[in-house]
Amino acid sequence: MQRIKCECGHVNPEGTVLCEACGKPIEQNQHIDGNENKKLLNMRYEGSARRSKTYNKSIVDKIWNFFSSVKVGVWLIILTLIASAVGTIFPQEMYIPPGVNPAEHYKDSYGLFGQIYYQLGFHNLFSSWWYMILVASIGVSLVICSIDRVVPLYRALKKQRAKRHDVFIQRQRLFGETKNATSEDIQKLVEQLKKKNYKVTEDNGHYLAEKGRFSRWGPYVNHIGLIIILLAAMLRSLPFMYVEDYVWVREGETKVIPQTEQQYYIKNEDFIFEVYDENDERFAEAIKRNGEMVPSNFQTNAVIYKVDGDTIPGQDPELTEVKSGEIIVNKPLKIEDIDISLYQASYQLNEFQSMSFKLHVKDDAEENAIGEFTFDMQNPQSEYDLGNGYKAVVDEYYPEFYMENGIPASKSKYPRDPAFIFFVYGPDIEKYEVNFLAIGANLNPSEDNKYKLSLTGLDMRDVTGLTVKRDHTLPYFAVGAIIFMIGVVQGMYWYHRRIWIHPTKDGVWIAAHTNKNWFGIKKDLEKMLEENNIEMPKDQQQLE
Amino acid sequence: MNDFYTISSNFLYASFMIYLIATIFFAATIRDKRKEHKESKAGAIGISLTIIGFISQIGYFVFRWIASGHAPVSNLFEYTTFFGMMLVFAFIIIYFIYRITILGVFTLPVALLIIGYASMFPRELSPLVPSLKSHWLYIHVTTVSLGEAILAVSFVAGLIYLIRQIDQSVKSKKTFWLEFVMYSLLCVIAFIILTSTFRAMDYQVVFEKTEAGQTYTTEYHLPPITSPNDMIMTTPDRMNPLFETPGWMQGVDAGRKFNTLLWSLLGGLALYGLARLILRKRIGAAIQPLLEKVNPDVVDEVTYRAVAIGFPVFTLGGLIFAAIWAQEAWDRFWGWDPKEVWALITFLFYAGFLHLRLSRGWHGEKSAWLAVIGFAIIMFNLIVVNLVLVGLHSYA
Ligand code: HEM
């Protein structure tokens, strides 16, 4: 590596623009920071030697330079931004109603645009390979651009001397000459600076007052935070870090919890659904406007069991209770042993558990039962014996009944609104009699049935839907987010201010630089110099 | 409704009026011949009134909280009003850093527009559904809107910069887009005027449709330019709709929202035309001479400082607190819900803003345009995403 020795004696690495120690511009490198035809020096990176600006030969150099360019970085950010916006035009696939065919859904709901959207794969945009590549490129860019800058910047700030080259001083944005300033004036200024918490160093009667250097590391700290967040997102693909599943449990039912290797069971003791009182004077108007009940609470009272010992296949396992508690929205229940949490995610009210029927003579006003049976939704039979030679055969069972163009059909397999077609056989029935039963109706297709099936009772229960989740990546996200915030605050709310006091033969030069907030450093200087004989430096770069 | 609710509403009304008067005092400083930095009497009264108005609005907030039992940030009216309040707060902070009275002349009207806009939505107290019952609701919503409000100050500063600096002697793309910004603000005014006028008249049109045995209705409170898709007007003696809302606009209320949008755009156009007739020049050109005294350098600095302060606050509230809450309420801290995605877009946009400024030297005018676009994104998230794009956060 070629090194460049400055007239002040300091040896700089190749590619240096301003001597790390005294700030003298190194002639052959001025094009790098665009200083050639400018009055002011570019102080962005202290004129330090950055790899990306120094080498451009090998393929590694080229990739390095590509990713360390802020222009490229901003383009990546903008592309990600646009892609994300596209992803919100229509709902993503995970937000369309469950069970529908996405190919048809997008076409039917959003017409031609919806169809194109679907065919381009935008319905799963955020998990598409190209979106991931975009985000990953931002990550790569973050790493490379940070390394490219932080190392030389660190060197330059560490090596800087209080005594700077004349040219460096004159070509600062804030610069002023005062003739006839005495050393008392200078001493007074130094005291004032110290009082303002500047760190003052001296070198041969030259002074450097510096404040807030650590804010220069802000961007790099925040970029590290972002990188940690991106890494945490990658960790999610590992099952021991992250699992997610779903389970529906009916009231009274005990069910194995998925993702626990059949070791844990949950019992739904009770599902509680509460709504706001529509007579509550505070909310009456809003509830009326809403047109329906406003829920106030969803809650599952659950008991968690662990399997005791080995299970013999085909036999029910032995269970011991490990904990019981409430699962409420915003208050998940955690099973500590296996680090799994259960979240109240969904529910289904009043699912039918069983329905009881009796057979009687149609014209019997008393409806005396000839025979009775109970249809259990968990365990449906194909026929039920009613005694005395009578039986009911299930011809059709519609768990969630509706009429589709005059033909009965079922919306789902869940018993939310059951309907049946029974064939009733008996010794005095010629072939069989058809009974069509739905809730609240016996829609007998034929008028001349002799017998009739009637509903005598039903059992209903609620079903709770729980998300089962283990997430060991959360702490990483948290750490990343905290580091990001620290970095941003560090870089934004503090400023790196430097003021150089440069005595000359017949007076003193003052130069000042800040990485941001020029308004603030000017105010600082104005205040101090008001009570001083030294003149306020001029801003050599007023916008217009 | 109870007494606290009434007290709260009166406080809000009072702050609206006080802000209005404060604006007038700030405007009076324009004519002031003295230097910008020296505080004039009108400016001092302006900022004092602003602070009094702000305190009164805190009164609104506190009493409404007592009335409903939860922090009033849970529906579109409450959230938007709170955003207006935070905008005033952000202005007060920035004012004490830079002491620029002209900022008040522009920020307060924007805050008034936002609060006025908010009042057009249902104002009664609403109960909290279970997923909103969390302290994180307050923490998240308040930080987000504070962050967005500080970012909005950068918009106001950017706007001042553009009006001050853009060459008005010739017609250009820049003058066009500046006028477009003015027109958008006028659309909000038109929306407020039209909605409150027809509300005062108790205007109502009902549309109905019957599908699969179910009857759906939708109510318009503005005369129907466009009827809902496939619905029949059942209120007699009303203006006949000119056309039907296209079917790809989803939902029973799509027709109403589209109709309201059309009215606002047309109303804005009428107001803009009127302004041009009176001023006899572009609105930007008419305001420009009033800003002669403004130092563009300082205004540019305000644009940047507001982003520098607002960006971390927004990130904290809009992404980090939001994620923590989403983790508790919906068991996933990030779910690509439209509102979340738009928060991410806002975040990326301002990250872009900062990089362009810091590393690519986008100062002054470029930076000012970016601040305007950033505000458009925030408003998009506040209004369009809530009202149009479906998602978990849809308030109305
Ligand atoms: C979403 C992604 C990113 C975020 C949120 C982010 C955030 C930030 C922030 C807040 C700053 C400080 C700005 C200021 O102080 O005004 C900064 C500075 C910087 N960022 Fe990023 N950044 C991101 C991506 C990138 C990428 C991809 C690159 C690489 C090209 C990059 C390169 C830089 C550089 C070079 C600086 C300035 C350092 C300096 O000049 O002192 N950033 N970034």
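These legends walk through close-up views of the ligand site in a predicted model.

**View 1. The ligand sits between chains A and B.** Here we look at the surroundings as a whole. The shell around the ligand has 28 residues, and those that come nearest are Arg44(A), His223(A), Lys516(A), Tyr304(B) and His355(B). Sorted by class, 19 residues of the shell are nonpolar, six are polar and three are charged.

**View 2. Helices of both chains supply residues to the shell around the ligand.** From chain A, helices H3 (70-86), H5 (129-159), H8 (218-235) and H10 (474-493) each give at least two residues. Chain B adds helices H9 (296-329) and H10 (338-360), again with at least two residues each. H10(B) provides the largest share, with six residues.

**View 3. Two histidines coordinate the iron atom of the ligand.** The NE2 atoms of His223(A) and His355(B) are the ones to look for, at 1.9 to 2.0 Å from the iron. His223(A) belongs to helix H8 of chain A and His355(B) to helix H10 of chain B, so this pair joins two chains. The iron site is octahedral, with six donor atoms and angles of 82 to 178 degrees among them. His223(A) has a relative accessible area of 11%, so this residue is buried. His355(B), at 26%, counts as partly exposed.

**View 4. Polar side-chain atoms lie close to ligand oxygen and nitrogen atoms.** On the chain A side, an N or O atom in the side chain of Tyr45(A) is 3.0 Å from a ligand oxygen. Tyr304(B) likewise places a polar side-chain atom 3.0 Å from an oxygen atom of the ligand. For His223(A), a side-chain N or O atom is 2.7 Å from a nitrogen atom of the ligand.

Conventions. Residues numbered from 1 in each chain as written. Chains lettered and ligands numbered in written order. Predicted model: local features only at pLDDT ≥ 70, side-chain atom pairs only at ≥ 80, totals over all residues. Heavy atoms only, no water. Near = heavy atom within 4 Å. Polar contact = N/O pair within 3.5 Å; in protein donor to acceptor, adjacent residues only side chain to side chain. Helix = DSSP H or I, 4+ residues; strand = E, 2+ residues; numbered from the N terminus. Nonpolar A, V, L, I, M, F, W, Y, C, P; charged D, E, K, R; others polar. Donors = N, O, S within 2.8 Å, 3.2 Å for Na, K, Ca; no water. Tetrahedral: all angles 85-135°; square planar, octahedral: opposite > 155°, others 65-115°. Buried < 20%, exposed > 50% of the residue type's maximum accessible area, 1.4 Å probe, protein only.
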